[in-house]
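Biologist: Hi! Could you walk me through this structure in plain words?
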Amino acid sequence: MGTVLDTGCHAVAMAVCNAKVDVVAAYPITPQTSIVEAIAEMVEKGTMATRFLPVEGEHSAMAACTAASAGGARVFTATSSQGLLYMHEVLHMAAGGRLPVVMANVNRAVFPPWSIYVDHQDSLAQRDTGWLQFYCASLQEIYDTILQAFKIAETVSLPVMVNLDGFILSHASMPFFVQEQEVVDKFLPPFEPSWVLDTTNPNSFGNVTDQSVYHLYRKMLQEAILASLPVIKNVAKEYKDLTGFWHGDTFEPYKTDDAEVLVLSMGSMAAEVKSSIDMLRKEGHKVGALRLRLFRPFPADDLAVYVAGKKQLIVLDRNHAFGNEGGILFNEVKAALFGKNNEIKLANKIMGIGGMDLNWQTMAAEIRALLED
Amino acid sequence: MLELRIHGYGGQGVVTMAELLALAALESGLVAQTLPFFGVERRGAPVKAALRVSDKPIHIYSQSVEPDFLVLMSEKLLDMGMNVGIKPESNIVLNAPANVAVLGHLVYFVDATGIAIANGLVTDGVPYINIPMYGALCRLIGIEAEVALNVIKNRWPGKVGEKNAAVAKIGYDSLKN
């Protein structure tokens with residue numbers, strides 16, 4: 001294919017097409033984005049040999065996805081904000097059922113009051129459902145991460161959510177490279193499930209358990225999620241070796257080596273903050289940036305390595321951890337570093353809620369105000 | 001990096017024009033980004049879009065508040081456009097039959113409405129002003145005419161593309177200050 005100029009939504013759709021997905025189930029109306037519109041068009045034209053199921057709500061969309069996945073299909077859906085919240089119950093089903101569903105979520109603020117613009121509350125509110133979560137910072141990364149997500153999901157039997165900032169990444173048009181189909185086929189061979197729901201050979205799945213068994217399944221889920229980390233890293237490296245594209249595996253560092261202070265954030269703001277870092281460095285501040293790409297499983301050990309010897313870590317959150325101090329990422333960081341690096345000073349700023357514009361000058365000013373010299 | 005912010009009314013093809021400009025930049029070996037601003041989407045309501053063009057990868061995603069060029073599809077949008085954000089060295093590009101003086105800023109103008117009507121680029125009484133304006137903006141940001149016209153011909157193959165490309169060329173040649 002080569003380089004195309006298109007939107008973040010269409011980057012998702014093109015990757016899903018390249019992944020030769022068997023089933024897409026989605027609610028096609030607001031808060032849906034043009035992701036499933038583009039997929040429906042390709043299915044209609046015959047470009048994608050995919051069964052498209054337009055369902056009556058996101059809860060049903062995820063239910064259809066889990067059923068199709070249990071039937072051995074490669075499955076995809078997309079949603080955003082309220083749609084993701086409405087799915088919540090069935091998200092547990094996908095993860096607990098160890099079903100490798102891949103979903104793109106366009107990060108948008110949640111109601112009330114109504115806002116259609118970006119923040120990370122919708123997906124971070126799904127933190128404890130057992131889904132793996134990626135956050136992208138460019139259109140190229142969106143395309144590449146969707147392809148990686150299928151490989152990871154099917155390798156570790158866990159669902160993967162790929163997040164992209166609403167409007168900023170989803171509706172911006174920028175050039176990105178679309179791989180030749182043969183290259184994708186080499187990276188992502190057809191899904192070969194270890195088991196399938198099969199009417200000719202009936203099995204029970206997700207049955208009632210007693211206390212002696214249930215807790216073992218939950219423990220296995222937790223162990224599987226934590227054990228997915230090396231797989232995620234290997235897949236990112238394999239993709240890089242094959243295509244040359246690399247966005248980091250767990251983190252993307254920027255000028256961290258000689259920095260005394262690191263600024264941690266996720267999504268598009270973590271791309272723009274590089275310019276804030278450049279500006280602050282010109283002023284003489286020894287700062288660097290860390291972009292968290294993988295939120296679940298949380299790469300606590302990698303974080304500890306990056307911050308070793310640093311004086312301060314400033315966390316920028318595009319969400320609230322309601323009922324606790326600071327944002328959700330900040331609380332994750334505190335939990336991850338406790339007992340590992342208690343010398344480092346931590347600071348937090350919640351910003352960019354509901355699409356409040358985050359330009360690099362504003363972010364530089366906020367970082368400057370938080371610096372402890 | 002060069003930044004343009006375009007103000008128009010819903011239905012004038014502002015988002016399409018920004019995409020065409022981004023394609024033309026891409027064809028010229030540059031990197032481009034269009035960032036449409038979505039608010040209330042209604043025909044006739046004020047709309048805006050940003051375009052960034054650079055010879056290096058773009059990692060800026062914030063709204064355009066200090067554009068190098070403030071592009072106004074109508075003179076009536078001058079105050080609104082300036083209020084959204086402008087810097088002292090910003091230039092202004094107007095769809096207007098004659099120049100309008102704006103204190104402290106260099107103003108370019110092109111009669112996009114007049115060109116579209118004179119060349120029959122009108123549907124249901126609405127002139128396609130984005131096509132001549134596209135041509136004018138291509139010249140302004142240093143896109144070669146041939147590249148600019150090929151983008152249109154590829155987007156709308158056949159007669160439609162030929163006609164639109166011819167009108168874009170008139171816009172390309174008509175930019176004045």
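Modeller: Happy to, and we will go through chain A, its contact with chain B, and some helices. This is a predicted model, where local features need pLDDT of at least 70, side-chain atom pairs count only at pLDDT 80 or more, and totals for chains, interfaces and linings use all residues. Residues are numbered from 1 along each chain as its sequence is written, while chains are lettered from A and ligands numbered from 1 in the order in which they are written.

Biologist: Great. How many helices and strands does chain A have?
Modeller: Chain A has 13 helices and 14 strands. Here helices (H or I, at least four residues) and strands (E, at least two) are DSSP runs, numbered from the N terminus.

Biologist: And what is the radius of gyration of chain A?
Modeller: For chain A it is 20 Å, which agrees with the value near 21 Å for a compact globule of 373 residues. The radius is taken over C-alpha atoms, and the globule rule is 2.2 Å times the number of residues to the power 0.38. The C-alpha trace of chain A spans about 70 × 55 × 45 Å along its principal axes.

Biologist: What share of chain A is buried?
Modeller: 51% of its 373 residues count as buried. A residue is buried if 20 or more other C-beta atoms lie within 10 Å of its own, exposed if 12 or fewer, and partly exposed in between, with C-beta atoms placed from the backbone.

Biologist: Switching topic: how many residues of chain A are in contact with chain B?
Modeller: 17 residues of chain A are in contact with 16 residues of chain B. Contact here means that the C-beta atoms, placed from the backbone, lie within 7 Å.

Biologist: Which element gives the largest share on the chain A side?
Modeller: That is α10(A), with 5 residues. By class, this side of chain A has 9 nonpolar, 5 polar and 3 charged residues. Ala, Val, Leu, Ile, Met, Phe, Trp, Tyr, Cys and Pro count as nonpolar, Asp, Glu, Lys and Arg as charged, and the others, Gly among them, as polar.

Biologist: At what angle do α10(A) and α13(A) cross?
Modeller: Roughly 65°, and the axes of α10(A) and α13(A) come within 8 Å. Axes are lines fitted to C-alpha atoms, for helices over the stretch in contact, and angles run from 0 to 180 degrees between N-to-C directions. Residues that meet there include A:M269 and A:V273 in α10(A), and A:W360 and A:I367 in α13(A).

Biologist: Now chain B. How do α5(B) and α6(B) cross?
Modeller: Their axes come within 8 Å and cross at roughly 150°. That makes α5(B) roughly antiparallel to α6(B), a label for angles over 145 degrees (under 35 is roughly parallel, 65 to 115 roughly perpendicular and the rest oblique). The contact residues of α5(B) and α6(B) divide into 7 nonpolar, 2 polar and 4 charged.

Biologist: What about α4(B), mostly covered or mostly open?
Modeller: Mostly covered: 10 of the 11 residues in α4(B) are buried. Just after α4(B), B:G142 takes a positive phi of about 85°.

Biologist: Why does B:N130 count as buried?
Modeller: Because B:N130 has 27 C-beta neighbours inside 10 Å. B:N130 is found in helix α4 of chain B.

Biologist: Which residues is B:N130 in contact with, leaving aside neighbours within four places in sequence?
Modeller: B:Q12, B:G13, B:V14, B:T16 and B:M17. Also, the C-alpha atoms of B:N130 and B:G11 are separated by 10.0 Å, although these residues are 119 apart along the chain.

Methods. Contact = placed C-beta atoms within 7 Å.
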